[in-house]
Amino acid sequence: MMRDVAQCAVIDGIAAVSGALPPSFPPVRIGDDLFWDGGILSNTPVEAIFDENPRKNFVIFAVDIWNPMGSEPQTMGQVANRQKELQYSSRAVAYIMRQKQIHRLRHIIAELCARLSDTERKSDAIREWSRYGCLTRMHVVRLLAPQLAGEDHTKDIDFSAAGIRARWNAGLENTRAILQQAPWLEDSDPIEGFILHEAHSGKMVSTR
């Protein structure tokens, strides 16, 4: 059976670090099962924090080396690069936006329950429904990696000293720039329980 290493670590309690990214590396065998790299399922598994219970206030930094934003490709190599970036970044975006909807509903439920009378809040049904509401807030800072000079669709298997150093320095510089801006400290709609801040090359792109 072919499964996902990251999924295995969550479901079976196995701590696994994998470089089993096809087609460059073979799968990892654990028991009778074969596992490919967790990035195939989710490169940024933020759901592990979103689903934590009891819920808490968080500022979450999600670093995405696969950037969905990019210019129109002009060569087949650029097409292959854009394909990988869209393929591996799309799931994170979809999950984040669904969480935004869920957290907004949790805030609405909490606000509606607060407007009920004391007698109504004591009923079994309302007590059960109110458990779905909360007023916690999550700020997700999504750092989209910049396109480095000479970088192409093979960057996920580029473990050269120069390649690693270039990505490390770019990420460090961009993260420091966003930390100085601290967008999570700005005022936001109180009904929103989940605020997404997207940054690219050390500059804020959007807050929603």
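**Entry: Glu128 and Arg131**

I began at Glu128, which is partly exposed, with a relative accessible area of 35%. I note at once that the model is predicted, and that my entries concern what was computed from it. The salt-bridge partner I looked up for Glu128 is Arg131, and the closest N and O atoms of the two are 3.3 Å apart. Arg131 itself is exposed, because its relative accessible area of 62% lies over the 50% cut-off.

**Entry: salt bridges elsewhere**

I then asked how many salt bridges the count comes to. The count is twelve, and I followed up some of them. Asp64 and Arg142 meet through their side chains in a salt bridge with an N to O distance of 2.9 Å. This pair links distant parts of the chain, since Asp64 belongs to strand E4 and Arg142 to strand E5, with their positions 78 residues apart.

Are Asp64 and Arg142 buried or exposed? I find Asp64 buried at 2% relative accessibility, and Arg142 is likewise buried, with a relative accessible area of 2%. Both values fall under 20%, so the two residues count as buried. I also recorded that Asp64 and Arg142 are linked with Glu198 and Arg208 in a network of salt bridges.

One further salt bridge I noted joins the side chains of Glu151 and Lys155, at 3.8 Å from N to O; Glu151 is buried, and Lys155 is buried too.

**Entry: the sheet**

I turned next to the strands, and found an open sheet of four, in the order E4-E5-E6-E7 and with mixed pairing. Which strands stand at the edges? They are E4, covering 58-64, and E7; each has a single partner strand, so one side of each is left without a neighbour in the sheet. From one strand to the next, the twist averages 25 degrees. Read together with the strand order, this places the buried salt bridge of Asp64 and Arg142 between E4 and E5, which stand next to each other in the order of the sheet.

**Entry: the E6 and E7 hairpin**

I looked at E6 and E7 in detail, and strand E6 (residues 194-200) pairs with strand E7 (residues 203-207) in the antiparallel sense, over four bridges. Two of the partnerships I wrote down are Glu198 opposite Ser206 in E7, and His197 with Thr207 as its bridge partner in E7. Glu198 is thus placed across from Ser206 and is also a member of the salt-bridge network with Asp64, Arg142 and Arg208. The hairpin has two residues between its strands, and there Ser201 takes a positive phi near 55 degrees.

**Entry: aromatic pairs**

I searched the whole structure for aromatic pairs, and the search finds four. In one of them, Phe50 and Tyr95, the ring centres lie 6.2 Å apart and the planes stand at 5 degrees, so the pair is stacked. The two residues come from distant parts of the chain, Phe50 from helix H2 (residues 47-50) and Tyr95 from helix H3 (residues 76-114), and they are 45 residues apart. Phe50 counts as buried at 1% relative accessibility, whereas Tyr95 counts as partly exposed at 21%.

Phe50 forms an aromatic pair with Phe194 as well, and here the geometry is edge-to-face, with 5.2 Å from centre to centre and 70 degrees between the planes. This pair again links distant parts of the chain, with Phe50 in helix H2 and Phe194 in strand E6, 144 residues apart. Phe194 is buried, its relative accessible area being 0%. I therefore entered Phe50, Tyr95 and Phe194 as a cluster linked by ring pairs, the planes of a pair counting as stacked under 30 degrees and as edge-to-face over 60.

**Entry: a nonpolar patch**

My last look was at the surface, where Phe25, Ile157, Phe159 and Ile164 make a nonpolar patch of about 360 Å². Where is Phe159 found? It sits in the loop between strand E5 (138-144) and helix H6 (161-181), and at 56% relative accessibility Phe159 counts as exposed.

Key. Residues are numbered from 1 along each chain as its sequence is written. This is a predicted model: local features need pLDDT of at least 70, side-chain atom pairs count only at pLDDT 80 or more; totals for chains, interfaces and linings use all residues. Side-chain values use heavy atoms; hydrogens and water are left out. Patches are made of residues with over 30% relative accessible area and no salt bridge: like charges are joined within 9 Å, nonpolar side chains (Val, Leu, Ile, Met, Phe, Trp, Tyr) within 5 Å. Accessible areas come from the Shrake-Rupley method with a 1.4 Å probe; for residues, only the protein chains shown count as cover. A salt bridge is a side-chain nitrogen of Lys or Arg within 4 Å of a carboxyl oxygen of Asp or Glu. Buried means under 20% relative accessible area, exposed over 50%, partly exposed in between (1.4 Å probe, protein chains only). Two strands pair if DSSP finds at least two bridges between them. Rings of Phe, Tyr and Trp (its six-membered ring) pair if their centres lie within 6.5 Å; planes under 30 degrees apart count as stacked, over 60 as edge-to-face and the rest as tilted. Axes are lines fitted to C-alpha atoms, for helices over the stretch in contact, and angles run from 0 to 180 degrees between N-to-C directions.
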